[in-house]
Amino acid sequence: MHASSLRLSNKPSRGSLACVGLGMTLGSHLTPLARDHIEQADVVFAALSDHIVEMWLQRMNQDVRSLQPYYAEGKSRLKTYKEWVDLMMAEVRAGKRVCAVFYGHPGIFAWSTHKAIEVARAEGFQAFMEPGISAEDCLYADLGIDPGRFSCQHFEASQLLFYEHRINPAGYVVLWQTSVVGDWSLMRLETGPAYRQLLVDRLSQDYPLDHEVIIYYGATLPIEQAKIRRLTLRDLSDTTLAPQETVVLAPAAPLRPNLPMRERLAELDKAIGFA
């Protein structure tokens, strides 16, 4: 039996916290276990893609509290996320079974879920995370990418500007949160063409400027389809990006055989009698 199923069967006498993923597409990605956590919770906090999804969630639990109003223009997102942790923990400390529902996977680009679980466990409360179908999962399906074929690197776009990461142009590269690339403050909802140009300058160290860039936007409603745009790297700076859009670069170079390592592998196979 799944460990989380055991947790569900034991009604806690103290507060508890379950962070679950709703998936990306309304209704079709919710797992039975995540649904159980939502339905059995005393309080449900929701950080979802839009109001329609929140209304759908309310069919499963009468006490659904949206976290979206805590965002504000000019307010640091980190401050908002800390407020979310405080809200969740206040109910956990009050002895409530709390379920935090996030769109996609609750542990991907979701600082507050990891922090809330850390705080809850440190205080002796039961706290755990259940995975959900993420934007990454949908991206692989919609773009036909197998990360095991050429490899696949993922970067938060700003990290390519803040740190000296090494890009492998022989594999796929996926850039998240490109609409706010270069934002130190965590206060802006978007940066602008000049910031994206710095990203283009960085990527041009590994890719030609005419290399194709894919802009991907996954579907969140069953009646929608994924939106896919294609442009060249040089045009990326002048292209407006939505917060939900992800930038993908296909391999720009062939895989190069590691001949010394292949020789060592052949010798090892021979030594153990496999060859």
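**Helices H4 and H5, and the cores around them**

In this predicted model, helix H4, residues 77-93, and helix H5, residues 111-122, have axes that come within 9 Å and cross at roughly 40 degrees. That angle makes H4 oblique to H5. The crossing of H4 past H5 is right-handed.

Which residues make the contact? On the H4 side they are Leu-78, Tyr-81, Lys-82, Trp-84, Val-85, Met-88, Met-89 and Arg-93. H5 brings Trp-111, Ser-112, Lys-115, Ala-116, Val-119 and Ala-120. By type, the residues of this contact are 10 nonpolar, one polar and three charged.

Next, the cores. In soluble globular proteins, nonpolar side chains tend to be buried together. Here the largest nonpolar core has 22 residues. The members that touch the most others are Leu-17, Trp-84, Met-88, Met-89 and Phe-102. Two or more residues each come from strand S1 (16-21), strand S2 (43-47), H4, strand S4 (97-102) and H5. Which element gives the most? H4 does, with six residues.

Trp-84 is worth finding on the screen. It belongs to the contact of H4 with H5, and it is also among the core members that touch the most others. What does Trp-84 contact, leaving aside neighbours within four places in sequence? The list is Ala-47, Leu-67, Tyr-70, Tyr-71, Phe-102 and Ser-112. Of these, Ser-112 is one of the H5 residues in the helix contact, and Phe-102 is another of the core members with the most contacts to other members.

Last, there is a second core, separate from the one just described, with 20 residues. Its members include Val-20, Leu-26, Ala-34 and Ala-46.

How values were computed: Residues numbered from 1 in each chain as written. Predicted model: local features only at pLDDT ≥ 70, side-chain atom pairs only at ≥ 80, totals over all residues. Heavy atoms only, no water. Axes fitted to C-alpha atoms, helices over the stretch in contact; angles between N-to-C directions. Helix = DSSP H or I, 4+ residues; strand = E, 2+ residues; numbered from the N terminus. Parallel < 35°, antiparallel > 145°, perpendicular 65-115°, else oblique. Left-handed = near helix turned anticlockwise from the far one by under 90°. Contact = heavy atoms within 4.5 Å. Nonpolar A, V, L, I, M, F, W, Y, C, P; charged D, E, K, R; others polar. Core = buried A, V, L, I, M, F, W, Y, C linked by side-chain atoms within 4.5 Å. Buried < 20%, exposed > 50% of the residue type's maximum accessible area, 1.4 Å probe, protein only.
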